[in-house]
Amino acid sequence: MNLVRSERFYLSRKAAKIRTRGVEMEPITPAQWAALKEAYDFKCAYCGGEVPVLTMDHVQALANGGPHVLAHIVPACMSCNLRNSAGPPPAAFQFPAVWSQ
């Protein structure tokens with residue numbers, strides 16, 4: 001697994017934040033996160049942009065009661081993730097074919 005240091009820090013901080021919210025949580029391993037990014041061809045799920053570091057975005061925001069489970073997370077660039085905030089995903093967003101199998 002070849003995660004950059006900033007991604008490892010991000011994943012550990014994300015897990016700590018989720019634990020304090022009391023939402024449904026399924027641990028997501030670095031290997032699962034890497035596989036998810038690969039399924040999206042290492043591009044943002046919303047804008048399709050290629051950036052050095054992708055962030056985890058919950059399709060239904062944790063703030064709105066969304067679960068932290070792998071099937072509910074997509075990779076997003078920081079600008080799309082922040083723009084999306086606690087709102088719904090963009091209308092053009094679709095899960096990749098890997099989830100319909």
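This is a short walk through the fold, one helix, the strand pair and a lone salt bridge.

Keep in mind that the model is predicted. The protein has three helices and two strands, and from the N terminus on they come in the order α-α-β-β-α. Of its 101 residues, 39% are buried. The accessible surface adds up to about 6,100 Å², and carbon and sulfur atoms hold 55% of that. As for how the chain folds back on itself, take the contacts with a separation of 6 or more: 64% of them link residues 24 or more positions apart.

Let's start with helix α2, which spans residues 30-39. Its buried residues are W33, A34, L36 and K37. They sit on the same side of α2, because the arc they cover around the axis is only 160°. Yes, there is a lysine on that list: K37 is one of the buried residues.

Just after α2 comes D41, with a positive phi near 60°. D41 is also half of a salt bridge: its side chain meets that of K43 at 3.8 Å, N to O. A search of the whole structure turns up one salt bridge. How exposed are the partners? D41 is partly exposed at 48% relative accessibility, and K43 is partly exposed too, at 27%.

Now for the strands. β1 covers residues 55-58, β2 covers residues 73-76, and the two run antiparallel, joined by four bridges. Along β1, T55 and D57 point one way while M56 and H58 point the other, yet all are buried. Across the pair, T55 stands opposite A76 in β2.

A76 deserves a closer look. How much of A76 is accessible? Its relative accessible area is 0%, so A76 counts as buried. Leaving aside residues up to four places away in sequence, A76 touches C44, A45, Y46, L54, T55, D57 and N81. Two of those names, T55 and D57, belong to the β1 residues that point one way. H58 lies 18 residues from A76 along the chain, and their C-alpha atoms are separated by 9.5 Å.

Here are the accessibility values for the three residues discussed above.

| Residue | Relative accessible area | State |
|---|---|---|
| D41 | 48% | partly exposed |
| K43 | 27% | partly exposed |
| A76 | 0% | buried |

To tie things up, D41 follows α2 and pairs with K43, while A76 in strand β2 stands opposite T55.

Technical notes. Residues are numbered from 1 along each chain as its sequence is written. This is a predicted model: local features need pLDDT of at least 70, side-chain atom pairs count only at pLDDT 80 or more; totals for chains, interfaces and linings use all residues. Side-chain values use heavy atoms; hydrogens and water are left out. A salt bridge is a side-chain nitrogen of Lys or Arg within 4 Å of a carboxyl oxygen of Asp or Glu. Buried means under 20% relative accessible area, exposed over 50%, partly exposed in between (1.4 Å probe, protein chains only). Two strands pair if DSSP finds at least two bridges between them. Contact means heavy atoms within 4.5 Å. Accessible areas come from the Shrake-Rupley method with a 1.4 Å probe; for residues, only the protein chains shown count as cover. The arc is that of the directions from the helix axis to the C-beta atoms.
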